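The following exercises ask the reader to work through one structure step by step. Each task is followed by its solution.

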Amino acid sequence: MRLRAPRREPFPRSLSYRLGLTVVVGLLLVGCGKHYWSKPGAGASDFSRESSECARENSVGMSASKDYAIVIADLYKLCLKGRGWVRGQQFDPPPAGWFRGIEDDGPMRFEPPQPAPQPVAPQPAPQTPAPAPPQPPPTR
């Protein structure tokens, strides 16, 4: 006759184990998602413009043409915060009004700055021909 060892459960069901597992899963879930930026009343074009400005202001040039530069992410983030943008973690896809920015230091290619819109010059009013002077009545 053989003696059998007591049967062990594959997963302990102790309270400390459950609590530990809950904490680990919770921490993993908190780390999910990416960081996005939002500002009340601002749209995608506002974020694109201000993000580009902050990136240019907080970068170190890599070429003479200034097309490529290394953006310093911490300074970039401070610049956007100074302009009223709020950074928050969101799941993909982010809600409306949240935009992805620069997260790490690294090289970036800059698009040439958009030219400022030129004011439209008012068009002169079309000239109407002056009425012809009255003709004297024909003589007989």
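**Exercise 1. Determine the strand order and pairing of the open sheet in this predicted model.**

Solution.
- Step 1. The open sheet consists of three strands in the order S2-S3-S5, and the pairing is antiparallel.
- Step 2. Strand S2 (59–61) and strand S5 (106–109) are the edge strands, each pairing on one side only.
- Step 3. From one strand to the next, the twist averages 35°.
- Step 4. Strands S2 and S3 run antiparallel and are joined by three bridges. Within this pairing, Ser59 stands opposite Val71 in S3.
- Step 5. Strands S3 and S5 are also antiparallel, over four bridges. Here Tyr68 faces Arg109 in S5, and Ala69 stands opposite Met108 in S5.

As a general point, the strands of a sheet pair through backbone hydrogen bonds, in either a parallel or an antiparallel sense.

**Exercise 2. Establish which side chains of S3 are buried and which are not.**

Solution.
- Step 1. Tyr68 belongs to strand S3, which covers residues 68–71.
- Step 2. The side chains alternate along S3: Ala69 and Val71 point to one face and are buried, whereas Tyr68 and Ile70 point to the other and are not.
- Step 3. The relative accessibility of Tyr68 is 40%, so Tyr68 counts as partly exposed. The range for this class lies between 20% and 50%.
- Step 4. Tyr68 and Ile70 join Val60 and Met62 in a nonpolar surface patch, whose members together have about 370 Å² of accessible area.

**Exercise 3. Describe the salt bridges of Arg83 and state which parts of the chain they tie together.**

Solution.
- Step 1. Arg83 forms a salt bridge with Glu53, with the closest N and O atoms 2.5 Å apart. Glu53 lies in helix H2 (residues 44–57) and Arg83 in the loop between helix H3 (73–82) and S4, so this pair ties together parts that are 30 residues apart in sequence.
- Step 2. Arg83 also meets the side chain of Glu57 in a salt bridge, at 3.1 Å from N to O. Because Glu57 is in helix H2 and Arg83 in the loop between H3 and S4, the pair ties together parts 26 residues apart in sequence.
- Step 3. As for accessibility, Glu53 is partly exposed with a relative accessible area of 32%, and Arg83 is partly exposed with 24%. Glu57, at 51% relative accessibility, counts as exposed; the cut-off for that class is over 50%.

In general terms, side chains of opposite charge can pair when their charged atoms come close.

**Exercise 4. Locate the salt bridge between Lys34 and Asp92 and classify both residues by accessibility.**

Solution.
- Step 1. The structure holds nine salt bridges. In the one between Lys34 and Asp92, the closest N and O atoms are 3.6 Å apart.
- Step 2. The pair links distant parts of the chain, 58 residues apart: Lys34 is in strand S1 (residues 34–38), and Asp92 is in the loop between strand S4 (86–90) and S5.
- Step 3. Lys34 is partly exposed, with a relative accessible area of 38%. Asp92 is partly exposed as well, at 49%.

**Exercise 5. Characterise the surroundings of Glu50.**

Solution.
- Step 1. Glu50 is located in helix H2.
- Step 2. The relative accessible area of Glu50 is 10%, and Glu50 is therefore buried, the cut-off being under 20%.
- Step 3. Glu50 takes part in a network of salt bridges with Lys39, Asp46 and Arg49.
- Step 4. Leaving aside residues up to four places away in sequence, Glu50 touches Lys39, Leu80, Arg83 and Trp85. The C-alpha atoms of Glu50 and Leu80 are separated by 7.3 Å, although these residues are 30 residues apart along the chain.

**Exercise 6. Summarise the protein chain as a whole.**

Solution.
- Step 1. The secondary structure comes to three helices and five strands, following the pattern α-β-α-β-β-α-β-β along the sequence.
- Step 2. Of the 140 residues in the protein chain, 19% are buried.
- Step 3. The protein chain exposes about 11900 Å², of which carbon and sulfur atoms supply 62%.
- Step 4. Among contacts with a separation of 6 or more, 76% are between residues 24 or more positions apart.

Conventions
Residues numbered from 1 in each chain as written. Predicted model: local features only at pLDDT ≥ 70, side-chain atom pairs only at ≥ 80, totals over all residues. Heavy atoms only, no water. Patch = residues over 30% accessible without salt bridge, like charges linked within 9 Å, V, L, I, M, F, W, Y side chains within 5 Å. Areas by Shrake-Rupley, 256 points an atom, 1.4 Å probe, with all protein chains shown as cover. Salt bridge = Lys/Arg side-chain N within 4 Å of Asp/Glu carboxyl O. Helix = DSSP H or I, 4+ residues; strand = E, 2+ residues; numbered from the N terminus. Buried < 20%, exposed > 50% of the residue type's maximum accessible area, 1.4 Å probe, protein only. Pairing = 2+ DSSP bridges. Axes fitted to C-alpha atoms, helices over the stretch in contact; angles between N-to-C directions. Contact = heavy atoms within 4.5 Å.
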